[in-house]
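Me: Please choose one part of this model and take me through it closely, step by step, with the numbers that I would need to find each feature on the screen.

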Amino acid sequence: MSPHSVPPVRGRLAPSPTGVLHLGNARSFLLAWLEARSSEGQVVLRIEDLDGPRIRSGAEEAILEDFAWLGLDWDEGPFRQRDRIAEYRAVLEAWHRAAWVYPCICTRRDIEAAASAPHRGEEGPVYPGTCRGRFPDAASAQAVSGKPPAWRFHVPSGTQVSIDDRIAGQSDFRVDEELGDFVVWKKDDEAAYQLAVVVDDIRSGINQVLRGDDLLPSAARQELLYKALHASAPEWLHVPLVVGTDGKRLAKRHGDTSLRHLRNEGYTARDVLHWCAAVSGIVLDTPANGAADLLAGYRRALIPRAPVVWQGLDGLGAS
Ligand code: GLU
């Protein structure tokens, strides 16, 4: 590669096997795939299976079946986070030695009671810093609480992060005030999402991340973790979520929008791709039988910058 050439895109599909795919997350995965493939980039598949009690048996198989139904493919993986626990633990230990992280014994209730600072969007209260500098190690924290502690990343006062998102635009965060010290290792002795996702994306050479914009504040946190690991952050693309007519994120009360259900109702992949195209600024000359048929009409600049409103099955259907 010449010093001025742009490295090939490496994007990823990172589903959590906590349930089946519904139209909202299927659309985000489809856009992540289209972004990578539209520049002849590669796609890595990672199963984010660390979320203990929320993981559903059979969900991974069901998601992979839905990906195949839509025509989403990948070049590497599936990798599973469960197989990388030793690597995550080594990172936590290195951060502990470098004093980037500290043990925390606060319960959710403690935090709600102590935190009065306003918070951004759907994020919970900002952690008030109660355990910062309190315990030298996990054992001394556990001696007080009787349970293994969580670990939080210390966000120094005055920390600013500016995310130059290719879809959402520029977002500036005062991370210490708006988001606070965040959990990188959970009480149940498992790596938390923020740590695992950054370690995995670095390990897989991911340089492009497209996902729902509910994770935009996490991009600000993850930027700090990339720095702590001396790695550069990927190109960020956060897309607006699919919402119901009440403006709220698509959920059960809006009806069953799982691909599984739609399929049982007789809708085809072509119907779902038609709807995804229509709400993503993709112009189709001929019906799409698989994701690859959307590539010709896909333009990043045409993805709507406002949430997509799901108005029921009537708007769906190509055949
Ligand atoms: N596993 C997350 C999900 O399925 C995605 C996390 C990410 O893209 O960073 O929503």
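Reply: In what follows, a helix is a DSSP run of H or I with at least four residues and a strand is a DSSP run of E with at least two, each kind numbered from the N terminus. The model is a predicted one, and I will look at the part built around strand β2, with the ligand site taken up afterwards.

A convenient place to begin is E40, which lies in the loop between α1 and β2. Although E40 is not a glycine, its phi is positive, at about 55°. Such a value deserves a second look, because most residues other than glycine have a negative phi.

Strand β2 covers residues 42-47 and pairs with strand β3, residues 76-80, through three bridges in the parallel sense. Within this pairing I47 stands opposite R80, a residue of β3. Helix α2, residues 59-70, joins the two strands to complete a β-α-β unit, and that unit of β2, α2 and β3 is right-handed. Strand β3 also holds P78, and the peptide bond between G77 and P78 is cis, with omega about 5°. This, too, is a feature to check on the screen, because most peptide bonds are trans.

The helix of this unit can then be followed to an aromatic contact. Seven aromatic pairs occur in the structure, and one of them is formed by F29 and F67, whose rings are edge-to-face, with 5.4 Å from centre to centre and 75° between the planes. F29 belongs to helix α1, residues 23-38, and F67 to helix α2, so that this pair, with its members 38 residues apart, links distant parts of the chain.

The ligand site is the last step. Around the ligand stand R12, A14, P15, S16, E48, Y193, V197, R211 and L215, a shell that divides into five nonpolar residues, one polar residue and three charged ones. Polar atoms of the protein approach the ligand from R12, where a polar side-chain atom lies 2.6 Å from a ligand oxygen, and from A14, where a polar backbone atom is 2.7 Å from a ligand nitrogen. E48 contributes an N or O atom of its side chain, placed 2.6 Å from a nitrogen atom of the ligand. Taken on its own, the ligand has 300 Å² of accessible area, of which the protein covers 78%.

On the screen, then, the route runs from E40 in the loop between α1 and β2, through the right-handed unit of β2, α2 and β3, to the edge-to-face pair of F29 and F67, and ends at the residues that surround the ligand, E48 among them.

Notes. Residues are numbered from 1 along each chain as its sequence is written. This is a predicted model: local features need pLDDT of at least 70, side-chain atom pairs count only at pLDDT 80 or more; totals for chains, interfaces and linings use all residues. Side-chain values use heavy atoms; hydrogens and water are left out. Two strands pair if DSSP finds at least two bridges between them. A crossover is right-handed if, with the strands pointing away from the viewer, the path from the first strand over the helix to the second runs clockwise. A residue is near a molecule or strand if one of its heavy atoms lies within 4 Å of it. A polar contact is a pair of N or O atoms within 3.5 Å; within protein, one must be able to donate a hydrogen and the other to accept it, and residues adjacent in sequence count only if both atoms are side-chain atoms. Accessible areas come from the Shrake-Rupley method with a 1.4 Å probe; for residues, only the protein chains shown count as cover. Ala, Val, Leu, Ile, Met, Phe, Trp, Tyr, Cys and Pro count as nonpolar, Asp, Glu, Lys and Arg as charged, and the others, Gly among them, as polar. Rings of Phe, Tyr and Trp (its six-membered ring) pair if their centres lie within 6.5 Å; planes under 30 degrees apart count as stacked, over 60 as edge-to-face and the rest as tilted.
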